[in-house]
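Got your viewer open? Let's take a short walk through the charged and polar side chains, one selection at a time.

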Amino acid sequence: MKNDEKIDINLDIDSKSDLSEEEQAKKNYETALRYINIAEHMKQFEDQDKYYTRAIKYLRLSRPYYDVHAMIKDLRVKKFTARAEGKITLYEEACKIRDKAKTPSDYYSAQTIFERIHRNELSKQIPENRVSPEIYKRVCECSDSEQQAIRCSEMATAKAAEQKRHNLFVSIAFMAAIVAILLFVRTTSFRSCLASVYSLTGDDVGAWEAYYYVYEKNNDATAYENYKEHRYQAALKETSDGDTKTAMKDFKALAKEYYKDSAQQLLELEKQNIAKTEPGEVVSYASMDWRVLDKKDGKALLLKDHALANKAFQEGDSNCTWATSSIRTWLNDTFLSENFLPEEINAISQTEVATEPNPAYNTSGGDATSDQVFLLSSQEVTTYYDLIHNTKTCWWLRTPGATKGSMSFVYKDKTIMDYGYDCTAVKFTIKPAIWVDIK
């Protein structure tokens, strides 16, 4: 059973709403009813539990204008009954998969469900007085989910060893008959056999490369699934061996396919790499090179090391500030979505960006903004001047130039040009900056 999709329908009421207490109570009551409706349409018991809990919360907030005591009592029964029945159903399903298991994968599937039940048990207890005696008894019978998960893991390991011995014998016999014919023939049949041998001998790198070759030649879906799993296992081993550069490359390829937790594995490696890097050094994030400018409060300030292609600061109207610019919109929308994984975007902090007036001409910097991606100001370039390297192009700053229609920029030798240039010009490049949470 898959439980990868995260569902969260948030109906929270705006705390700034100017409603009377009675009107607010009515709104809370209506929100509770909507959460009840959502809960009753959820298929996963965890989701039902969550929305019943929210419904109870808003029913409480609707008092004293609504008599909701009976409803809350009924919802509590539904909540804990759904939680209990969900665990029982999952437990029975896992037991069936375990009892019918023929491969290590079957045992791992059962193990995953048992672990899911155990995780829920740790944080979501079921009080005896909240469900019927019959259901509570059945829940208690499912209380060994942690031990069952361990047992399934051990059975999977044993079955894998058994299959490995069996398959190795069969593979050797088979390969002996065809190796003379296929040894020097670059065919998909040979690569498929080679992939099987690599798989049996634990060479995940050789296996995924061979499986990928077969997939490219024959568009073989089975080979593609084998490729992803072996590349994932290879990346885990590379991480364990300290070969983070190769591991990041492998996890990046798999993350684009949303395979297992590859995106999260990649993000953790990127964070670790940034954390051990000193200001002034270059790191990789989202498959791009960034120069570390600062570290504080568990975050790192990164500046794109190689500038992006020439781009106007503002398209159309030349009267602009950072807050109203098209480049700000592009950086925080298109640039993020096209170059970063969702996990990488979530790790980029939302930064309060204030733009000071031009230091030489006192031109207003405009309104403050809250952005994930931003351009440096002339003051920030001055602060991190020694860490920023010379470039082959001039690049925009968010600080205004001498007039409202112009923006300051940095020359190739790092000189800050306060007088600026027409913000609609496309002769300057972009060096985005981000604060990444590396905790």
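How many salt bridges does the count come to? The answer is 15 salt bridges. Keep in mind as you click around that this is a predicted model. We'll drop in on a few of them, then finish at a polar contact.

**Stop one: Glu-229 and Lys-260**

Select Glu-229 and Lys-260 and show their side chains. You'll find a salt bridge between them, at 2.9 Å from N to O. Now colour by secondary structure: Glu-229 sits in helix H9, which covers residues 221-241. Lys-260 is in the loop between helix H10 (244-255) and helix H11 (262-275). The two residues are 31 apart, so the pair links distant parts of the chain. Turn on the surface and look at Glu-229: this residue is partly exposed, with a relative accessible area of 23%.

**Stop two: Arg-231 and Asp-250**

Stay in helix H9 and pick Arg-231, then add Asp-250 to the selection. Their side chains meet in a salt bridge, with N and O 2.8 Å apart. Arg-231 belongs to helix H9 and Asp-250 to helix H10, so this pair ties together parts that are 19 residues apart in sequence. Are these two buried or exposed? Both Arg-231 and Asp-250 are buried.

**Stop three: Asp-305 and Arg-291**

Next, jump to Asp-305 and Arg-291. They form a salt bridge whose closest N and O atoms are 2.8 Å apart. Where do the partners lie? Arg-291 is in strand E2 (residues 288-296), while Asp-305 is in the loop between strand E3 (299-304) and helix H12 (326-339), so parts 14 residues apart in sequence are tied together. Asp-305 counts as buried because its relative accessibility is 7%, and Arg-291 also counts as buried, at 15%.

**Stop four: a small group selection**

Now select Glu-40, Asp-74 and Lys-78 together. Salt bridges that share partners join these residues into one network.

**Last stop: Gln-148**

Finish with Gln-148, in helix H6 (residues 145-182). Gln-148 counts as buried, with a relative accessibility of 10%. Which side chain does the side chain of Gln-148 make a polar contact with? Add Arg-98 to the view: the polar contact is with its side chain, at 2.7 Å. Then bring up the neighbours. Leaving aside residues up to four places away in sequence, Gln-148 touches Tyr-91, Arg-98 and Phe-114.

Technical notes:
Residues numbered from 1 in each chain as written. Predicted model: local features only at pLDDT ≥ 70, side-chain atom pairs only at ≥ 80, totals over all residues. Heavy atoms only, no water. Salt bridge = Lys/Arg side-chain N within 4 Å of Asp/Glu carboxyl O. Helix = DSSP H or I, 4+ residues; strand = E, 2+ residues; numbered from the N terminus. Buried < 20%, exposed > 50% of the residue type's maximum accessible area, 1.4 Å probe, protein only. Polar contact = N/O pair within 3.5 Å; in protein donor to acceptor, adjacent residues only side chain to side chain. Contact = heavy atoms within 4.5 Å.
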